[in-house]
Amino acid sequence: MPSRRDLLRLLPLPVLLPLLSPRVGRAAITPESRKFLFVFCHGGWDPTYCFAPIYGSDAVDMESDSELATVGGLQFVDHGDRPTVRSFFERFHDRTCILNGFEVPSITHDRCMRLLMTGRSTDGTDDWGSILAGNALTDLPLPYLVMSGPSYTAQYTSSVVRVGSTGQLAQLLDGRSITTASMPVMLPPDFVSERVDAFVRERVSAWQAAARSVRQARVAERYGASLDKIQVASGYASSFASVSSGDARWGAFQTAVSSLAAGLSRCAVVEYDGLWSQTFDTHANNALQSGHFEELFQFLEDLVDLMDRTPGVSGATLSDEVTIVVCSEMARGPKLNSWMGKDHYTITSAMFVGGGVKGDRVVGAFDANMLGKPVDLASGELDDGGTALVAAHFGATLLAAGDVDPVEHIGAEPIEGIF
């Protein structure tokens, strides 16, 4: 069976055919055109296996045989069982920033996911991807592509497009959904469909020309724009279908990259659910965290390689345009429990890679008790008189990086110095 690196060379998805161009010089991507790919790690990871080298503290149980490593301006936890973690930082430290010590103030998975992605625990809120996609410069066919993972929307519902666990989006785009409905209908031949599409477009154009009010003209214009977006997205239906077969998780990453590269989407989210799909929720046998992080960084290394080969909409590579945001809804506690696992914990880490990121930097920190240290928001530097970081600061930083006013949406200020 071919490996994911083999698939990078084969590139079976039709939307990926234009790729594999040589990496060109970094382009200056403006915040309003910046894109985002969220990699959500389900279950609650243990930062002491990667981001948080808290050695010499009796209050924190660190992994045996691990050690502090420094690459460029980054410090991380190194272990012989995780060579890809080290190779990732060796290769990409100059475009990687780690955020340590921010709090997601809950210990239940559902509430932490909402807090991490929206900054609030209540319903009726939009997540960071929805807000960024809803404020995109252009009217995109698939503004926020949800491959898998959490998604919360209220005001920007029309910006969110879910692929579906069994490729439902592909079936809607190519029409197969009506053939499998409770009252199935056979699809007409292609030439009939083409004539119907042409007829509908003529009627919409005539309707718009004959509009008797601004509202009628606007509705007709938006209807026509929707037809255009559906036509564009339909050309990629086979790509969305492919994520339900083969190496589905890597297929989801490929399809997300495809959509960002083709200008279909501004944001996408893919869930990483751990080695053997066991998630990071290690209440017992916390040593499983090691395998989770090693496989996660294999995906991330392949992902950055793929984006380095992928032309962006601006003409630069996709790596210049897209910020990869790697996060988990919570952390694991400082001490092992009686099952040699670690329980839920509120103070965690995140990682930013790629477009616009100020690399070779760790912002924030854990103290000897694995509590977050305060930060000066204006500089990103540690400051005893600074601000205790929470999920709202994490999100505000993303919104500001995408040229969206965070105070308007979340009421929190961004952390300067990450972008």
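Contact here means heavy atoms within 4.5 Å. Keep that in mind for the whole tour.

What you have open is a predicted model, so local features need pLDDT of at least 70 and side-chain atom pairs count only at pLDDT 80 or more, while totals for chains, interfaces and linings use all residues. Residues are numbered from 1 along each chain as its sequence is written, and side-chain values use heavy atoms, with hydrogens and water left out.

**Whole chain**

Start zoomed out, in cartoon. You should find 13 helices and 12 strands; helices (H or I, at least four residues) and strands (E, at least two) are DSSP runs, numbered from the N terminus. Along the principal axes, the C-alpha atoms fill a box of roughly 75 × 50 × 45 Å. The radius of gyration is 23 Å, which agrees with the value near 22 Å for a compact globule of 419 residues; it is taken over C-alpha atoms, and the globule rule is 2.2 Å times the number of residues to the power 0.38.

Of the contacts between residues at least 6 apart in sequence, 68% join residues at least 24 apart. Buried residues account for 52% of the 419, where buried means under 20% relative accessible area, exposed over 50% and partly exposed in between (1.4 Å probe, protein chains only).

**Helix H2 and its cover**

Now select residues 83-92, which form helix H2. Which of its residues are buried? They are Thr84, Val85, Ser87, Phe88, Phe89 and Phe92. To see what covers them, add strands E2 (67-71), E3 (74-78), E4 (96-103) and E11 (347-354), plus helix H10 (288-308), all part of that cover.

**Two cores**

Stay there and show side chains. The largest nonpolar core has 55 residues, and Phe89, Leu296, Phe297, Leu300, Leu303 and Met351 have the most contacts inside it. H10 gives the most to this core, with 9 residues. A nonpolar core is a set of buried Ala, Val, Leu, Ile, Met, Phe, Trp, Tyr and Cys residues joined through side-chain atoms within 4.5 Å. Apart from this core lies another, of 45 residues, including Val104, Tyr152, Val325 and Ala401.

Click on Leu300 next. Leaving out residues up to four places away in sequence, Leu300 touches Val39, Phe88, Ile324, Val326 and Met351.

**Asp65**

Go to the loop between strand E1 (35-41) and E2, where Asp65 is found. Is Asp65 buried or exposed? At 68% relative accessibility, Asp65 counts as exposed. Beyond residues up to four places away in sequence, Asp65 touches Asp78 and His79. Asp65 and Asp78 are 13 residues apart in sequence, and 8.9 Å separates them C-alpha to C-alpha.

**Two positive phi angles**

Select Thr279, in the loop between strand E7 (267-272) and H10. Thr279 is not a glycine, yet has a positive phi of about 65°. With a relative accessible area of 15%, Thr279 is buried.

Then jump to Met370, in the loop between strand E12 (361-363) and helix H12 (391-401). Here too phi is positive, about 65°, although Met370 is not a glycine. Met370 is buried, with a relative accessible area of 0%.

**Last stop: His409**

Finish at His409, in helix H13 (residues 406-409). His409 counts as buried at 15% relative accessibility. What does His409 touch, not counting residues up to four places away in sequence? Light up Arg120, Ile131, Asn135, Tyr156, Leu399 and Val404 to see its partners.
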